[in-house]
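User: Please take a close look at one part of this protein, namely its sheet, and explain how the surrounding elements are arranged with respect to it. A connected account would be preferred to a list.

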Amino acid sequence: MLLFSKSLTMTGRRIAAACVRHQSSLTTELIENMDKKATWDRFYTENNSRTSTFKNFEWFFGFDSVRDFILPLLQAESNPDALLRVLDMGCGTSALGPCIYRHSPLPVRVTCADISPVAVRLMQEHVRAKAIHPQNCSSQLEFVELDCTQLHKHYGSCSMDLIVDKGTTDALLRSKEGRGKANQVLKQCLKVLRSSGSLLQFSDEDPDARLLWLETEAQEQGVMAADVGVQEVGELRGVCYYCYQVTPRRVEQQ
C-alpha cells in the first residue's frame, strides 16, 4: 500500500507540474482536486487565456507516441460498414481523439468527452475553425460534456469498441475523494464495452501498483471479469509510461 500511495503522490505532482509552471494556487488546486469539474474549468480557462491562438494541451504525450497501441485495435467486424465506437474519456483539449478520427482507415465514431464544458467548447470551436478530414469518409467526430462516473446514463451495455484513458484515471486516483470514483469509472467502462472491446489506460503508474488495482477492481464474482495486460510505451523526460489494456471477459452464469 505504501508503494501505491507514494506512486500516486509522484503522479499527481508530475501532472500538476506539467500543467502549470508559474501559478502556484492552481497547481495546489490541481494536486488536491483533480476529480472536480470546477478545477478543470479553471485550468482550461486560464491555460487558454495565456495564448492568442488555440493550442492543444497534451497529457503526458501526443497521438504519435501511442498510435501503434490504438489503431490495431480498430478492426472490422462482421459488418465492415458499421461504425466502430470510440470514447476518448477525459479528453480535455488533447488532439488524441481527433487524431484517431483522422487516421483510422475503418469508419469510426469518436466521442471526445470531458467533465469540463470549457474544454468541450474550446475543442468544438477549434474543429469548426480548422476542419479535420478523416481517412474514412464515413467517420464521425463529436465533443460532449460528460462525467465519466456516469457512463451508464449515456451508453448502453456492450455499445463501445474502444475506450481511451490518457491520464484521467491517474487524476482521479490522486484526488482526495477520487479513489471511489476511479473504481466506479473502471466498472462502468467494462459494462459499456463490447466483449471484443478494450479499455486502454495510459499512465506513468508503476505496474506493481496499477496492475494490482486493475486486477482487483475489474473482477466482480458472477457479474464481471476482465483480462489485464501492460506494455511499456517508452520514456519521456525521464519518466516511463505504460499502456494498460483491460478487456472484458464473459462471465459464465452458474
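Analyst: The following account begins with the whole chain, turns to the sheet and then takes up the helices and cores around it.

The model is a predicted one. Its protein has nine helices and seven strands. Of the 254 residues, 50% count as buried. The accessible surface amounts to about 12300 Å², and carbon and sulfur atoms contribute 48% of that area. Among contacts with a separation of 6 or more, 75% join residues that lie 24 or more positions apart.

The sheet is open and contains seven strands, in the order S3-S2-S1-S4-S5-S7-S6, with mixed pairing. Its edges are formed by strand S3 (140-145) and strand S6 (225-236); each has a single partner strand, so one side of each is left without a neighbour in the sheet. From one strand to the next, the twist averages 15°.

Both senses of pairing can be followed in detail. Strands of a sheet pair through backbone hydrogen bonds, either parallel or antiparallel. The parallel sense is found between strand S1 (residues 84-89) and strand S2 (residues 108-114), which are joined over six bridges. Along this pair, Leu84 has Val108 of S2 as its bridge partner, and Met89 stands opposite Ala113 in S2. Strand S2 is largely enclosed by the rest of the structure, because six of its seven residues are buried.

The antiparallel sense is found between S6 and S7, which are joined by 11 bridges. Within this pairing, Ala226 stands opposite Pro248 in S7. The hairpin of S6 and S7 has two residues between the strands, and Arg237 adopts a positive phi near 50° in it.

Two helices that pack on the sheet may now be considered. Helix H5 (residues 96-103) touches S1, S2, S3 and strand S4 (160-166), and its direction makes about 175° with that of S2. Helix H8 (residues 178-192) touches S1, S4, strand S5 (193-203), S6 and strand S7 (239-249), and its direction makes about 145° with that of S5.

Helix H5 is mostly covered, with six of its eight residues buried. These are Leu96, Gly97, Pro98, Cys99, Ile100 and Tyr101. The elements against which the buried residues of H5 pack are H4, S1, S2, H6, S3 and S4. Ile100 provides a view of this packing at the level of one residue: apart from neighbours within four places in sequence, Ile100 is in contact with Phe63, Ile70, Leu74, Val86, Val108, Val110 and Val164. Of these contacts, Val108 is also the bridge partner of Leu84.

Ile100 further belongs to the largest nonpolar core, which has 31 residues. The residues with the most contacts inside this core are Val66, Ile70, Leu74, Ile100, Phe202 and Val233. Two or more residues each are given to this core by helix H4 (67-70), S1, H5, S2, helix H6 (117-129), S4, S5 and S7. Helix H5 supplies the largest share, four residues. A second, separate core has 28 residues, among them Tyr155, Cys189, Leu190 and Val192.

On helix H8, Gln184 offers a point of reference. With a relative accessibility of 31%, Gln184 counts as partly exposed. Leaving aside neighbours within four places in sequence, Gln184 is in contact with Thr149 and Gln150. Gln184 and Gln150 are 34 residues apart along the chain, and their C-alpha atoms are separated by 8.7 Å.

A further helix, H3 (residues 37-49), completes the account. At 1.5 Å a residue, its 13 residues should span 18 Å, and its end C-alpha atoms are 18 Å apart, which agrees. The buried residues of H3 include Thr39, Trp40, Asp41, Phe43, Tyr44 and Asn47. Asp41 in H3 has a relative accessible area of 15% and is therefore buried, the cut-off being under 20%. Not counting residues up to four places away in sequence, Asp41 touches Ser116, Pro117 and Val118.

Notes:
Residues numbered from 1 in each chain as written. Predicted model: local features only at pLDDT ≥ 70, side-chain atom pairs only at ≥ 80, totals over all residues. Heavy atoms only, no water. Buried < 20%, exposed > 50% of the residue type's maximum accessible area, 1.4 Å probe, protein only. Contact = heavy atoms within 4.5 Å. Areas by Shrake-Rupley, 256 points an atom, 1.4 Å probe, with all protein chains shown as cover. Pairing = 2+ DSSP bridges. Axes fitted to C-alpha atoms, helices over the stretch in contact; angles between N-to-C directions. Core = buried A, V, L, I, M, F, W, Y, C linked by side-chain atoms within 4.5 Å. Expected span 1.5 Å × (residues − 1).
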